[in-house]
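Open the model in your viewer and keep the selection tool ready. The tour moves from one residue to the next.

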Amino acid sequence: MLENLIINHYETAAVLLFGIGFTTLLLHQNLIKKIIGMNIMDTAVYLFLAAKGFVTGRLSPIVVNGVQDMEAYINPVPAGLVLTGIVVSVSVTALMLSLSLCLYRRYHSLDLDIILMRVKKEWR
Amino acid sequence: MPFVCNFPFFSIVLSMFCGIVSSVLSGKNAKKLSIGLLCVNLCLSASVLAYTLSSGESYVYMMGHFPAPWGNEIRAGVLEGVLASFFCVIMLLALVGGLRHIAQEIESGKQNLYFIMVDLLLASLLALIYTNDLFTAYVFVEINTIAACGMIMIRQTGRSYVAAARYMVMSLLGSGLFLISLSTLYGLTGQLLMTPAQGAVAALRASGQYMEPLTVTIALMTVGLAIKSGLYPFHSWMPETYGYSTASSSAILSSLVSKGYIILLIKIYYRVLGSESIMHGKIVNLLFVFGLAGMIMGSISAIRESDIRRMIAFSSVAQIGYIYMGLGLGTEAGVIASLFHILSHAASKGLLFISATGLSDVSGGSKRFKDLRGAGYRNPMAAAGFTVGAMSMVGLPLFAGFISKLLFATAGVQDPTKMLPTLICLAVSTVLNTVYFLRTVLTIFTPVDADAASKAKARQITRGFSLKLSVLCFIVLNLVLGLFSDPIVEALQSGLHMFS
């Protein structure tokens with residue numbers, strides 16, 4: 001068990017980071033910390049994908065001197081997925097930040113509990 | 001390949017293109033463009049449906065020039081055709097019904113942004129229905145979430161900002177889980193297209209290798225999509241989101257957006273993970289239990305509400321519970337009942353949200369029950385719509401809800417262990433539904449004295465022709481689903497067979 005975890009240390013780290021990000025996003029009341037948590041969570045997935053695609057001793061899949069054997073290159077698909085994922089997470093981060101900005105301007109707090117309390121008071 | 005095979009691709013790209021064009025248009029023109037787009041998409045999806053019905057089989061459409069394991073694919077069959085056409089109809093009606101409110105509640109100059117969101121939402125829903133690629137599905141899930149969040153927060157009130165923030169947090173948790181499950185699935189199978197991935201999963205199961213990672217993947221994927229669609233313990237964002245956004249947004253979000261994820265889940269079960277092993281596995285039991293809990297708890301929370309929009313939102317929690325309960329039965333009949341309930345719930349919930357708005361318009365804009373008293377006499381069309389929607393949700397014959405409850409009950413009887421809980425919860429939930437919907441219908445038809453009526457009338461917000469038209473169409477749609485359900489159920493059945 002432990003041996004497997006050490007051999008696949010990239011994946012282990014990715015899953016740990018995912019857990020940290022997930023709990024931060026879920027449990028923290030501060031909106032900025034929630035956004036940080038979300039970014040940690042997404043980055044952990046990219047680490048996982050990148051680790052899955054890499055094979056030690058092979059080249060990056062850029063053809064320089066004619067196509068070599070398929071075995072000479074690492075798998076380029078996960079890199080493509082990571083790029084797409086980064087685009088998605090950047091846009092989501094931007095949206096969340098703008099939402100936090102709107103809430104902060106109106107309620108002068110980033111704490112979701114305090115904001116909720118002030119909203120309820122305002123709408124009573 | 002006949003020309004009609006291109007239509008799914010056209011409808012997705014057309015919607016995205018219209019979204020981009022809307023960003024430089026005025027609010028009025030963007031509105032016209034969106035409505036036109038929905039009509040065109042309806043025609044395109046209906047012709048895909050007609051083509052697949054006549055040919056009797058699904059087809060795969062290659063995107064670009066790369067064949068199966070590398071390129072991207074779209075797949076269309078009868079089920080996809082039915083869902084896409086139906087979603088276009090519901091979205092069109094929900095949008096038309098809320099046009100006046102969009103004009104009132106959204107800052108002028110920003111109204112074209114709302115229609116950008118509508119176009120992008122349509123594109124992502126269609127893509128979720130049609131796509132045959134897992135990672136494309138993830139990307140469109142995120143586009144769907146962002147567009148939905150935009151539709152909530154565009155009202156620019158404190159309540160809607162908070163609702164959007166809570167919605168985003170829950171949705172991001174869901175998409176995070178979905179993304180990591182896709183990554184592990186890719187690690188296990190090495191495939192992203194659904195068809196080869198299905199083969200790889202079947203080979204894994206046959207060899208008995210990597211069974212634990214596969215189980216974890218299935219669990220993560222199910223939980224992720226369940227969070228996003230608002231299954232019972234993850235429903236906390238629903239009342240806020242549906243209660244405080246503009247009328248069209250509530251109708252579209254509750255009837256379509258959460259359903260898109262359920263359809264994706266069914267699709268992944270059938271097209272990737274293998275319907276046989278999923279349906280006999282343990283995960284469906286989990287969905288079954290949480291579905292039942294949602295049916296009861298959603299209705300109980302709805303009874304306690306004093307705000308009509310929030311009450312309808314809690315009723316949505318219960319209806320999502322029904323859909324997952326049907327999936328959890330683990331039989332084909334259960335899945336068909338769920339699919340039919342997706343249609344019937346969309347038809348009735350859209351109607352309820354739109355007509356509830358019509359009722360609060362004639363009660364000085366208030367959503368409280370005490371102010372809504374007698375609203376039925378002030379806006380008869382909205383009251384008729386609300387009554388029909390309520391009867392459909394309760395499950396009276398003639399209406400769509402009756403057929404779905406009938407399908408759930410007949411599907412439940414097939415499984416000896418799950419029969420009793422299913423029937424009991426259906427009965428209890430129906431009684432609870434009746435309690436709160438009957439109370440509302442009685443409230444809106446309680447006569448008030450002339451003085452109060454004239455006071456409410458003086459404060460009324462102008463009511464529009466578009467709302468009446470939309471309510472009328474929704475009523476007709478409910479009756480069609482209720483009276484002519486046989487061909488629709490047959491179409492769903494043949495579509496589901498094409499899936500696997």
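Start with Cys39(B). This is a predicted model, and Cys39(B) is partly exposed in it, at a relative accessible area of 34%. Now add Cys43(B) to the selection. Its sulfur is the nearest cysteine sulfur to that of Cys39(B), and it lies 7.1 Å away. A disulfide needs the two sulfur atoms within 2.5 Å, so Cys39(B) is in no disulfide. Across all chains, the count of disulfides is zero.

Jump to Cys425(B). Its relative accessibility is 13%. Buried means under 20%, so Cys425(B) counts as buried.

Next, select helix 2 of chain B, residues 27-55. Pick out Ser34(B), which sits in this helix. Is Ser34(B) buried or exposed? Ser34(B) is buried, with a relative accessible area of 0%. Show its contacts, skipping neighbours within four places in sequence: Leu95(B), Phe115(B) and Asp119(B) appear.

Move on to helix 17 of chain B, residues 380-394. Select Thr387(B) within this helix. Thr387(B) has a relative accessible area of 17%. The cut-off for buried is under 20%, so Thr387(B) is buried.

Which residues does Thr387(B) touch, not counting those up to four places away in sequence? Display Val441(B) and Phe445(B): Thr387(B) touches both.

Last stop: add Ile475(B) and draw a C-alpha to C-alpha distance from Thr387(B). The distance reads 9.8 Å in space, while the two residues are 88 residues apart in sequence.

Definitions and conventions: Residues numbered from 1 in each chain as written. Chains lettered and ligands numbered in written order. Predicted model: local features only at pLDDT ≥ 70, side-chain atom pairs only at ≥ 80, totals over all residues. Heavy atoms only, no water. Buried < 20%, exposed > 50% of the residue type's maximum accessible area, 1.4 Å probe, protein only. Helix = DSSP H or I, 4+ residues; strand = E, 2+ residues; numbered from the N terminus. Contact = heavy atoms within 4.5 Å.
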